[in-house]
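Here is a short briefing on the pockets of this protein, written with a modeller's eye in mind. Have the structure open as you read.

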Amino acid sequence: MRKLVLALVLALPAAAQSIPFLSEKEIAALATEISGETAKRNLEGFSRHHRMRGSRGFRAASEQIVAELKRYGYADAHIESLPADGTIFYGTQRSRPAWNAELAELWEVDASGARVARIASWDAAPITLAQDSVTGDVTAELVDVGAGTADADYANRDVTGKLVLASAQPAAVAAKALPRGAAGIVSYAQNQRTAWYGEDETLIRWGHLDTFAERKTFAFMVSLKTARALQARLARAESVRLHARVIAGQSAGSYDIATATIPGSEREEIVFSCHLDHPRPGANDNASGCATILEVARSLSKLIDEKRLEKPRKTIRFVWPAEIEGTLALLNGRPELAKNIRAAIHLDMVGGGPETKAIFHVTRGPASAPSFIYDLADAVGTFVNEQSAAYAKTGAAAYPMIAGDGSKDPLRAELAPFSEGSDHQVYTDSSFGIPSIYLNDWPDRYIHTNRDVPANIDSTKLARAALIAAASGYVLARLSPNEAAAIQTMMEPFALERRARAMRRGTLPFHEWYERGMRDSVTRFFSGPVPVQRAVRGPMSAFGYDYFDAHYKGAPVRLNPQYRYETLNLWDGKRSDAEIRDMLAAIFGADVKLDDVTQYLDALGTINVIARKAR
């Protein structure tokens, strides 16, 4: 009989585990309303635009978002514009002028100038023109300069008036090639090294020139296959003559940020964030995150209007900025908004299907900034993992979140520690002190290439990412101080798991500090963050501009770049350098040299980012 009962139990579909602070009815409302198909349709619209910051393509995508928001009933949907001219600073971000292109073509021509074969075309694939290229019209021979970033690459090579073929990113090549008289660049730079790196030689990758370089030029991006064919001909001493024509350039513009809110009973806000920029098609990076929070906006508004969900206590805001620089502009340019934000839910690449080889992550904030919202996101991510796995195994689950045109694969979301690389690192910087949940895919074999297309996007995954984001953000928007004890209870099993890991790693002192911070974060959530006062607000490395590199002129910094974000975040004017070093060692599980920490903090002091005490 026991065996029969056990068999019957095992045959039943897995019972739905609850999402903290949501009833079964509320979970069902979210799960049945959210549509991966709707998200993917919007994604397809965004992917038609070449969405460089300040460009006409970015503006068109922003207007598409505002139009949809108004259709969903958002009366306050609008574009927030902040000027960007290359001289205005938003904290650590030097604003970058708008960049647009009208035309760009690269042709092989014969000795008479007649066209032989087209190599690149802006109209066909805008990604073939490097960002921040300028107008030019050149017919010249092509010279192979290898990487193009060292003096040795130009030894015995005359590049005056010629186009250079290089394997490095155009910005680095320009610094060496332009002083030698080169007329332009053809790059086959390979980036984003993953396990699939180099397997597809037809990929064309996104290229960049330095926005603020004194010498301006243009650069075309070609595939590794095209570059190797050109190299083989040049190696045979064959003349390769090209005609490059570009109409493009920078101009004073603005950071245009689509935004709208679901008003709450309080002025404090929970923000749903993404980044709208990147080259066409840019489907997973990051039309996917943008379309997903648009679907969250549609679903929450509809469910609240239908009274299937309660109105939130905190206002829920949605923003679609340019990556990092747009967020820095928004938080610095609208300080009253930053002051009211209690948490951010950030989505950057959340739809990669099987072809992309993507692994989906629910990523915590930095170890230097403990917050209970990370445990909440882990709980929601675990719920969606369990539901999707149960459906894949048995064909039955309460909330499988399957899109009609999507996959049936389990989500397999990895509950991951903090990593940099997107706008979440702006919110969680100690000068803002806003905890952030980060949903993201990594790796993605097609990121920043011409193959990042809607066909590789899984609408089922979009729906599941939307559920994790919507549930997490809605819970945070509805919490009241009366639920502080329940929040502490929610954290207990996660704290026990962290303690076990700390015991294995021998980092119990840091664990105890972290757990105190987790408990204290509940109070901070309701009373408001206490940002660390610094001369400029924001992380040192922004997008297209590095504040530290631009200002610091001393000896090279020895501290591992991976440790620098947490180092600055841990500095509060009270902790000693040794205490910060010990905390870094616990966070990264590595030996961190005290002298390296001191040197970096001293460097930050010399450029007046922090105030160093006399020693």
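## Two pockets at a glance

Please keep in mind that this is a predicted model. The second largest pocket holds about 880 Å³ of space, while the largest pocket has a volume of about 1,100 Å³. Let's take each in turn, starting with the second largest.

**Second largest pocket**

- A total of 28 residues line the second largest pocket, and those nearest its centre are R364, A367, P417, R501 and R505.
- At least two lining residues come from each of α10 (372-394), β16 (414-416), α13 (484-505), α14 (508-527), α16 and α17 (577-588).
- Among these elements, α13 gives the largest share of the lining, with six residues.
- Sorted by class, the lining of the second largest pocket has 13 nonpolar, six polar and nine charged residues.

**Largest pocket**

- If you want a starting point in the largest pocket, look at S541, A542, F543, G544 and Y545, which are the closest to its centre of the 43 residues that line it.
- Three elements to display here are β17 (436-441), α15 (547-551) and α16 (561-570), each of which supplies at least two residues of the lining.
- The largest share of this lining, four residues, belongs to α16.
- The lining of the largest pocket divides into 20 nonpolar, 11 polar and 12 charged residues.

**An element to view with both pockets**

- Which pocket linings does α16 supply with at least two residues? Helix α16 does so for the largest pocket and also for the second largest pocket.

How values were computed. Residues are numbered from 1 along each chain as its sequence is written. This is a predicted model: local features need pLDDT of at least 70, side-chain atom pairs count only at pLDDT 80 or more; totals for chains, interfaces and linings use all residues. Side-chain values use heavy atoms; hydrogens and water are left out. On a 1 Å grid over the protein atoms alone, a cavity is a set of points where a 1.4 Å probe fits but cannot get out, and a pocket is an open set with protein on both sides within 12 Å along at least five of seven lines; lining residues have an atom within 4 Å of a point. Grid points are joined across faces, edges and corners, and a volume is the space filled by probe spheres set on the points. Ala, Val, Leu, Ile, Met, Phe, Trp, Tyr, Cys and Pro count as nonpolar, Asp, Glu, Lys and Arg as charged, and the others, Gly among them, as polar.
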